[in-house]
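Colleague: Could you take me slowly through the surroundings of the ligand in this model, and then through the parts of the chain that lead up to them? I would like one connected account that I can follow with the structure open beside me.

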Amino acid sequence: MSEKVVDPSNLSIEDLLHEQRKFPPSKEFQSQANINDESIYELAAKDPETYWANWAKELKWSQPWSKVCEWTPPHAKWFLGGKLNASVNCLDRHVENGLGNKTAILWEGEPGDSRTLTYQQLLDEVSRFANGLRKLGIRKGDRIAVYMPMTPEAIIACLATARIGAVHSVVFGGFSAESLSDRIQDASAKLVITGDFGWRRGKKVLLKQAVDEAVVTCPTITNIVVLKRDQKITLADDQCYMVSGRDVWWHELVEGLDSVCEPEEMDSEDMLFTLYTSGTTGKPKGIVHTTGGYMTGVYATTKWVFDLKPDDVFWCTADVGWITGHSYIIYGPLSNAATIVVYEGAPDAPDKGRFWQIVEKYKVTIFYTAPTAIRAFMKWGESWPQKSDLSTLRLLGSVGEPINPEAWMWYHKYIGGEKIPIVDTWWQTETGAIMITPLPGLTTTKPGSATKSFPGISAEVLNEKGEKVEAGGGYVCITKPWPSMLRTIFNDDQRYVDTYWSKWNKETYFPGDGIKKDEEGYFWFLGRVDDVMNVAGHRIGTAEVESALVDHEVVAESAVVGKKHDIKGEAIVAFVIVKEGITPSEELLQELKQHVSKKIGPIARPEDILFTADLPKTRSGKIMRRLLRDVADGKALGDTTTLADPTVVESLRKKYEAIEE
Ligand code: WT7
C-alpha cells in the first residue's frame, strides 16, 4: 500500500460524530420482526460455531457435515464433509415444499416488457439450461464467464452453472471487452454466456460484439451462448455475428431438452463462484466463494437484516455483475423462497420516476439500493417519488459506500414516509454477506452509521499497531472466521494472504476501511484507506486507471486519485504527464477519457484530467497521492515536508483551480 494510507486512529471522535438523531424500531415492527430478542448477540458471540451451524441446518444438505469449522489461519473451511447444491437450495426444495406456484421473479425490462416466473418455471428453465451446458461439455469445476443483460436469464445462467457444479464468473455488462478478456484469461473460462444486447437508457449495449473482441485473446473459450434479448429484434451481422461451430443461441441450445436435470452433489468447500474485484494493483482479484458457507451467510442475513417474510416483494436494485446482485438478488432471497423484482435498466429511463413506478407496479415491500442512487433521487427532487404509491414499502436498505446523514434523512422521509426502518449494510465482495448492519426489529439506528456487527460476526476497531480502540477512529477488522468469507484469490493464494491477513497478524482480517466507533459502540465508516476508489458504489483501483492511461501512446506518466463528488461519492481525477513533443489539448483530454473508458469500461472514465509537467513525489520516488487528493478536492495542502520539490503541488493546485472555474 502506498501514500494514501493515513492512520485513521489519529482522528478524534469529534471529527465525525455530530450526528445526534436516533431512530428506535417502532413497536409494530419490533413485534413482528424475525429477530427481536437482543440476547442473540451474546449467544452468537459465546458460541459462533453452534450459532452458524443452526443457520446451516435450515438449508438442505444431501449429506450432513462432520465438523463445523476448521481454522488454519488465514484459511478457513466450513461445514466440512457436508454436501449440498446451491440451485437445489434456491429452487427444488421450495417446489418440494409446495411453493412451485409462488412467484420467484417479477422482471421488468427497460422498454417496459415484463415477465413473471414461478419457482416451478424457474426450476424448469434452470434445469433445461443446465442440460444445455452439459451438452456443451461443461463439467464440475469448469469456469463459465457470464456477461449478460439484466434479464431472468442472467439468474438462470448462474443457477444452472451451480446446478452442474461449474463455477460462474460474472462480469458486469458495463465492463469493456478488454476487462472481460482479462477476467476470462485469469479464470481460464471455457464458455461465455452473453446476450446479443441489453437496454441502457434507450440504447442497445452490444454485449456479443464485446465478447467477440474479448475472446480473440482467450484460447480457453470453446463456445459462446447468446441470449436473444428480444425475439422480435434481430441485430445486423456487424452488431452480432454468430460464428458457426462456436456460437450458439440460448433458445436453440435448450430446444427439446429435458426440464429435469440431476444436480451435482457439491462438497461444502467446492467453489460456487469467483467474482473479480479491484485492488491496489492494476490486476483485479478473482475472489473465491465456496458453497456451504456462502449459502449459509446469505441465507441468514437475508432473513434477519431484511426481515424477509413469505409475502414480501424484495427488490435489490444492483446488477448481478456485482456481489450485491449475487448475494441479494440471487442466492440470499431465492434460498429464502422470496419473490424478487429484477429491473434491467436505468433509474431515469424513460423518466426519473421509473424506480417508484416499479415499486408501485409490483407492490415492493423491501427496497435495497445504494447511496449514490439516493443522492441522485435527492437531486431530481421528491416530486418523482410523490407521483407513485409507495405505501407497500416496509423496509429500506443501503449498501456500497458510507451513506451521508443528509441522504439517510431524505430516504427516511421521502421514500420511507418517516416510519419504516433503514438498514445501512456494510460488507464487501470478499465477505460474501452483510457484516455490519442494524437488525430492523432490534437496533436503534443513527443516520450515517452502519451500527453493529451481525450476530456471529466479530468486528473490532484497531489502530495502526493493532491495538483495540474502544471509542475513536481506526481500521475495521474481523477477528474470527465467518462462513461466507472468501477462501482465497483465484490462482493467487499469496495475494490473499498479503492483502487481507498481513496487516497485523494472520488471524485478523483487514478489509481496508477506515472507521470510527462511538461511545455506544456504533460503527461509522469513513471510506477506504488504500488506493481503491469508490465511484458510485463501484470499486476501482487507482492503479487500474493509471495503467490504462499509460497504455496510451502519448502518456509518459500518470497518477489517479478520487475526489469528492456530490452524487457519485468519489469521482476519478487523473494527473497526466505527456511524452516529449506532445502538446496537451482539449481533444487529447477527451481522447484519453475515451481511452480509459474503452480499456476498462465507462465506470472508470475520469471526470477530470489535468496535464502537468511534474508530479509530487517523495524523496524515494513514490507519488504522493494524499496531496493530489487535496489538490483535487481543492483543500488546503497537507504536509509537504517529505516532498522532493514542494513547488510542484502548489503549481498543480493553481492549474487545477483554473480548469475547475
Ligand atoms: C467496499 C466494498 C458490498 C456490496 C457493495 C460493494 C464500501 C460497502 C458500505 C456501507 C460504508 C461501504 C466499503 C467496502 N462499502 N458498503 N454500508 N458503508 N462503506 O462491494 O465492491 O466489494 O466494495 O464498499 O469501502 O470495503 P465491493
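**The ligand and its surroundings**

Modeller: In this predicted model, a nitrogen atom of the ligand lies 3.4 Å from a polar backbone atom of Pro 402. Another contact of this kind involves Gly 400, where a polar backbone atom is 3.0 Å from a nitrogen atom of the ligand. With Arg 528 the side chain takes part, since one of its N or O atoms is 2.9 Å from an oxygen atom of the ligand. On its own the ligand has 550 Å² of accessible area, and the protein covers 95% of that area.

Which elements give two or more residues to the shell around the ligand? They are helix H11, strand S20, which covers residues 422-425, and strand S25, which covers residues 523-528. There are 17 residues around the ligand, and those that come nearest are Asp 424, Thr 425, Thr 429, Asp 513 and Arg 539. Sorted by character, the shell holds six nonpolar, six polar and five charged residues.

Helix H11, one of the elements just named, is also worth following away from the ligand. H11 spans residues 323-335, and its axis comes within 8 Å of the axis of helix H10, residues 291-305, with the two crossing at roughly 85 degrees. Because angles of 65 to 115 degrees count as roughly perpendicular, H10 is described as roughly perpendicular to H11. On the H10 side the contact is made by Tyr 294, Met 295, Val 298, Tyr 299, Thr 301 and Thr 302, while H11 contributes His 326, Ser 327, Tyr 328, Tyr 331, Gly 332, Pro 333 and Ser 335. The residues of this contact divide into seven nonpolar and six polar, with no charged residue among them.

If you follow the chain on from H10, you come to the loop between H10 and strand S16 (313-316), which is where Asp 307 is placed. The phi angle of Asp 307 is near 50 degrees, a positive value in a residue other than glycine.

Two peptide bonds also deserve a careful look. Ala 349 and Pro 350 are joined by a cis peptide bond, with omega at about 0 degrees, and Pro 350 lies in the loop between strand S17 (339-343) and helix H12 (354-362). A cis peptide bond also joins Pro 73 and Pro 74, again with omega at about 0 degrees, and Pro 74 sits in the loop between strand S1 (67-72) and strand S2 (75-80).

Conventions
Residues are numbered from 1 along each chain as its sequence is written. This is a predicted model: local features need pLDDT of at least 70, side-chain atom pairs count only at pLDDT 80 or more; totals for chains, interfaces and linings use all residues. Side-chain values use heavy atoms; hydrogens and water are left out. Axes are lines fitted to C-alpha atoms, for helices over the stretch in contact, and angles run from 0 to 180 degrees between N-to-C directions. Helices (H or I, at least four residues) and strands (E, at least two) are DSSP runs, numbered from the N terminus. Angles under 35 degrees count as roughly parallel, over 145 as roughly antiparallel, 65 to 115 as roughly perpendicular and the rest as oblique. Contact means heavy atoms within 4.5 Å. Ala, Val, Leu, Ile, Met, Phe, Trp, Tyr, Cys and Pro count as nonpolar, Asp, Glu, Lys and Arg as charged, and the others, Gly among them, as polar. A residue is near a molecule or strand if one of its heavy atoms lies within 4 Å of it. A polar contact is a pair of N or O atoms within 3.5 Å; within protein, one must be able to donate a hydrogen and the other to accept it, and residues adjacent in sequence count only if both atoms are side-chain atoms. Accessible areas come from the Shrake-Rupley method with a 1.4 Å probe; for residues, only the protein chains shown count as cover.
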